Amino acid sequence: MMLFSTNRCIALLLGLLLLTAVDTAFAAEDATDPMQSTQELLPLSWEELTDLDVSSLARQEQSVKNSPSAAFVITAEDIRRSGVTSIPELLRMVPGMNVARINSWNWAISARGFNDLYSNKLQVMIDGRSIYDPLFSGVYWGQQNPSLQDIERIEVLRGPSGSLWGANAVNGTINIITRSARDTQGGLLYGGGGSEEQGFGGLRYGTRLSESTYLRGTLNTLHRDASMDLTGNQDTHDDGNAQNGNFRLDSQLSEHDQLMLEANVTRYRFHGYFIGVTSLDPLRWRNDDFGREGVTGSLQGNWKHRTDSGHNWDVNMAFTQTSWDLAMNGMDRSHFVLDFQHNLPAYDAHHLLWGLNYQTIHDNFENTLTVGYTPLEFTQHNIGVFLQDQIDLLDNLSLILGNRVEHFTYTGWETEPNARLLWTPNKQHSLWAAVSRAVVLPNRAQHSIHLFKQLPGTNPPVFGNALTNPDMRTENLLAFELGWRWQISHSLDVDTALFYNIYDKMQGTKFVGNPYTIDNSGTVVRDGAVGNFRQVKSYGLELAANYRINPDWRWQASYSANQFEARYDENEPWFRDPLTEIHQNPQHSLSLRSLYNVTNEIELDAWARYVDEIYVDGRTIPDYFTLDLRLGWHPHKDLEFSLSGQNLLDSHHPEFSDVFYITAFSQIERAYLAQMSWRF
């Protein structure tokens, strides 16, 4: 009842804001750029696609075709025509990206394998602000619900980029770039609903404060239905809702200075189940609604300074406050990051950039018998400095050398060097190669967690008791990559990447000691400890192709293949499958998209995907084909309606599982969705 009331209040607030915005919209109509709206309805050509900017990840001016790495960009046009309503679903477009939905609000997302609820080898940022969670390592994707209409593009680099972005940028780095306030003037109202995304909507309005300063604000809300259980007969009660508010100011302070200020507040309430221990003697527990409820707020500032002599300074500061509650524990965390970089003017054949960063993380927990942390409060201080030089060996041959040295509270000093070579013999071909080292930091949980819960699948119950390891070290990656981009014709291009990765000191969890009992009832407990026990090797292939049949019809295809080799002691009593990487990641995956303008006003889009079989938590998850269709209609250049069908080839199917943390095994259902948007 309380949630219903809250949602109604938010809907009423949106309505009032809409009325206010509509009243002022017609006066501000001239501020809206009509060409921007029109251009977004047209598919991009090959030249436009490969000229897309990935400089926010490369830290210097660089297009996809001039990038010596496996780069990919999801454009605003891709987002609009996808028909989806969440960032994880968009990432299915990226070759080499493993995306699997666990339930309504949780995804397993990683690049080049190692997929899990907590995928620790993927750095993710929004406008340069990291959303990588240092508690369990990974991203809580359900808590990230920005308005997709505010996203300008999503830049993705597969493979390591630790020399530029530091620890945890191991198998990939994502930066979600939001539109500037200047580009979002006027109003935008959007909303929709369907069988799974039961109701969502948002309101954005931007205005000009002065000749060079712009402001915009966005409010959006979402209510999502529960997923289906393994029997296919009832849901898993993991429905929930989220609301988000975002405000951004962009100002051209002078000819040489730009300022961006951004504030974001997100509130979420996700239902779910977890077995909690309420008493040790005698042992009692309950399986109840232990969903997550929390609020995350952030403030961010970015200042860019350019000089006539060619020096570029970039300063980025971000503060994020996170508070959430489970039935079993709660957390408050403050996270501050300062990032500085300096691009120097070219000196002979050298293009130098350097920078430094500092971050401090302070957290505070409320412990229970099931989950707790010792100490209750802890502060990390991490600092790093990096240097990169791009050397023009020939007119068409460049060598990039870089390194980052960082000091971490948990592990001390680390270094992450890389060397890249880019050769462009002509306009049709570009080849690149790279050798890199990157590291994954151990997290707060591994150093301090107390976790006591029933082991999945045990009856009578056997409880697992997690032992922390203050000596946890970093996981180390040595990566070798090759890439080739070939513009076969004006309308067809192919982008290929090969990789061979060697991971050392990989994390693993095994039982230690013998089982024991804790009370007269004979309840059995097993201790488990995490450590750097294993070595894993992986290799694979990633292909992406764009084919523009004519100005109104474009195809986009991708294929990826992964193979793994794991070395470990078979005689050890492993807690979870030591061959996780081999079993838990699909060997083959395929995506094929068609974007077709039937007329100037009607669009018909299709998206087919294939994902190979995996084996998770003792269950085989079969391979599956899926198909999404979208029909869009533009009766006016500022008005859009669309109907979408998702996962149309079957009524439901499983994609992933993590029954240790999410005890209800879920299947993803076929979904239908209607959407509208109106610019004013």
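This is a short walk through one protein chain, from its overall build to three sheet regions and one glycine. Bear in mind that the model is predicted.

Overall build first. The protein chain has 680 residues, and 56% of them count as buried. Its secondary structure comes to nine helices and 40 strands. The radius of gyration is 25 Å, close to the 26 Å from the globule rule for 680 residues, so the chain is as compact as a globular protein of that length. Along the principal axes, the C-alpha atoms fill a box of roughly 75 × 60 × 45 Å.

Now contacts. Take those between residues at least 6 apart in sequence: 62% of them join residues at least 24 apart.

Surface and charge next. The exposed area of the protein chain is about 28100 Å², and carbon and sulfur atoms supply 58% of it. There are 51 positive side chains and 81 negative ones. How far apart do the centres of the two sets lie? The answer is 1 Å.

On to the sheets. A reminder: strands of a sheet pair through backbone hydrogen bonds, either parallel or antiparallel.

Start with the five-strand sheet. It is open, and the order is β1-β6-β7-β4-β5. The pairing is mixed. At the edges stand β1, residues 70-75, and β5, residues 129-130. Each has a single partner strand, so one side of each is left without a neighbour in the sheet. Inside that order, look at β6 and β7. Strand β6 covers residues 151-158, strand β7 covers 172-178, and seven bridges join them. The two run antiparallel. If you want a marker pair, find Glu155, which stands opposite Asn175 in β7.

Stay by β7 for a moment. Which residue lies in the loop between α7 and β7? That is Gly166, with α7 spanning 162-165. Is Gly166 buried or exposed? Gly166 is buried, at a relative accessible area of 1%. What does Gly166 touch, leaving out residues up to four places away in sequence? The list is Ser161, Arg404, Glu406 and Glu416. Take Glu406. Glu406 and Gly166 are 240 residues apart along the chain, yet their C-alpha atoms are separated by 7.7 Å.

Next region: β18, β19 and β21. Strand β18 runs over residues 330-343 and strand β19 over 350-366. They pair in the antiparallel sense, over 14 bridges. His335 has Ile361 in β19 as its bridge partner. The hairpin of β18 and β19 has six residues between the strands. One of the residues to look at there is Asp348, which takes a positive phi near 55 degrees. Strand β19 also pairs with strand β21, residues 377-394, again in the antiparallel sense. That pairing has 15 bridges. Here Asn357 stands opposite Gly384 in β21.

Last region: a three-strand sheet. This sheet is open and antiparallel, in the order β11-β39-β38. The edge strands are β11, at 228-229, and β38, at 652-653, and each pairs on one side only. How many bridges join β38 to β39? Two, with β39 at residues 666-669 and the strands running antiparallel. One residue pair to find on screen: His652 stands opposite Glu669 in β39.

To recap. We have a predicted model with nine helices and 40 strands. We have a mixed five-strand sheet and an antiparallel three-strand one. And we have a buried glycine, Gly166, in the loop ahead of β7.

Definitions and conventions. Residues are numbered from 1 along each chain as its sequence is written. This is a predicted model: local features need pLDDT of at least 70, side-chain atom pairs count only at pLDDT 80 or more; totals for chains, interfaces and linings use all residues. Side-chain values use heavy atoms; hydrogens and water are left out. Two strands pair if DSSP finds at least two bridges between them. Helices (H or I, at least four residues) and strands (E, at least two) are DSSP runs, numbered from the N terminus. The radius of gyration is taken over C-alpha atoms; the globule rule is 2.2 Å times the number of residues to the power 0.38. Buried means under 20% relative accessible area, exposed over 50%, partly exposed in between (1.4 Å probe, protein chains only). Contact means heavy atoms within 4.5 Å. Accessible areas come from the Shrake-Rupley method with a 1.4 Å probe; for residues, only the protein chains shown count as cover. Lys and Arg count as positive and Asp and Glu as negative; His and the chain ends are not counted. The place of a charge is taken as NZ of Lys, CZ of Arg, CG of Asp or CD of Glu.
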